[in-house]
Amino acid sequence: MDRPTESLSIAEGGVIDPWVRAGSKIALQRRVLRLGKPPRRWKVPSYADSLRRNIKEVNIEGRPLNCEIGAKNVFYGYDGERCGVEQLALQYYADEGGGWQGTHSEGGIWMTIFGLLMWDVIFLEVCNVFQSKFQTAPLDFGTDDFYKSRKDLIESQLKRIQDGMAEEMLISSWELHQGTSCKGVNWDRHSMADLRAVVAGVGGHRLALLLRHLALDYNSWSSGMPDLLLWRFLDERGGAEAKLVEVKGPKDQLSDQQRAWIFVLMDFGFDVEICKVSLVSKRR
């Protein structure tokens, strides 16, 4: 509409609105930086450097099976079989990318870990939040009140996780509740061995930061996590490490929600990167 000054003012208002969060906030912050250049604005916003941080990238090539515009990318995998872009990246990381094991789960595995480690928090008896015995979560789940009403218990659980008890808590919760419906928990998709490997690879400090982030605002942050969660064992004594990877095919771009998650994970000390898959040239 060719009204950049008005657009800038509205974006600046949105950035400080407490109900604008996660990817939506990143989108407005990026708009403010685009529109707020001199002489329209002389002062650089405090979040400018944070948004301009470099995100680690890995570039690999894939042999495409289809080249149709708008169609989902299909490639020949390292094993010669057809696969999607995420499976191609998993094969790369398992082989020349460093011998990683992993899963394409986006946020699914994290929601399962959150549910298992926070089971007692989720099903804590709080006034009026359970109206039916068939609920898989309290009525205030995903709201700001979820954390406020259970702060002491949540922080107690996070302290235990930070102190290295996450694996023990995970096993106990799995054995006590296996098969019981709980929001976010997928009993069939992830094995106990994989969940334990992730918890060991991430470490108690980073895991506690991530789970607190979800407890504070589950709804805003339950989508947009990196596609791949990778782990590998460093020695026979059980030492492990983890990596999160957002996979992008040819012409794909990061969404603002994905960008928001990557910045949060970087702030928490996670090893996170983007894996860009490009098409093998016709000559090759």
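How many salt bridges does the count come to in this structure? I began my notebook with that question, keeping in mind that the model is predicted, and I found that the count comes to 17 salt bridges.

**Entry 1: a pair from distant parts of the chain**

I looked up D267 and noted that its side chain forms a salt bridge with R53, with 2.7 Å between the closest N and O atoms. This pair links distant parts of the chain, since D267 belongs to helix α12 (residues 256–267) while R53 sits in the loop between α3 (48–51) and β1 (57–64), 214 residues apart. I then checked how open each partner is, and wrote down that D267 is exposed, with a relative accessible area of 53%, whereas R53 counts as partly exposed at 25%.

**Entry 2: a pair within one helix**

My next pair was K159 and D163, whose side chains meet in a salt bridge at 2.7 Å, N to O. Both residues lie in helix α8 (residues 151–177), and because they are four residues apart there, about one helical turn separates them. K159 is partly exposed, and I recorded a relative accessible area of 48% for it.

**Entry 3: a buried pair and its network**

Are K243 and E273 buried or exposed? I first confirmed that K243 forms a salt bridge with E273, the closest N and O atoms being 3.3 Å apart. K243 lies in strand β6 (residues 240–248) and E273 in strand β7 (residues 272–279), so the pair ties together parts that are 30 residues apart in sequence. Both residues turned out to be buried. I also noted that salt bridges sharing partners join K56, K243, D271 and E273 into one network.

**Entry 4: the nonpolar cores**

I turned from charged to nonpolar side chains, which in soluble globular proteins tend to be buried together. The largest nonpolar core has 67 residues, and those that touch the most other members are W110, I113, F114, L117, M118, I161 and L207. I followed I161 further and, leaving aside its neighbours within four places in sequence, found it in contact with L117, M118, A166, M169, G204, L207, A208 and L211. Apart from this core lies another, of 17 residues, among them A89, W100, L230 and V245.

**Entry 5: the second largest pocket**

Last, I looked at the second largest pocket, which holds about 270 Å³ of space. It is lined by 16 residues, and A22, K25, I26, W221 and V264 lie nearest its centre. The elements giving two or more residues to this lining are α2 (22–35), α3 and α12. I sorted the lining residues into eight nonpolar, three polar and five charged.

Note on methods:
Residues numbered from 1 in each chain as written. Predicted model: local features only at pLDDT ≥ 70, side-chain atom pairs only at ≥ 80, totals over all residues. Heavy atoms only, no water. Salt bridge = Lys/Arg side-chain N within 4 Å of Asp/Glu carboxyl O. Buried < 20%, exposed > 50% of the residue type's maximum accessible area, 1.4 Å probe, protein only. Core = buried A, V, L, I, M, F, W, Y, C linked by side-chain atoms within 4.5 Å. Contact = heavy atoms within 4.5 Å. 1 Å grid on protein atoms, 1.4 Å probe; cavity = no way out; pocket = protein on both sides within 12 Å on 5 of 7 lines; lining within 4 Å. Points joined across faces, edges and corners; volume = space filled by probe spheres on them. Nonpolar A, V, L, I, M, F, W, Y, C, P; charged D, E, K, R; others polar.
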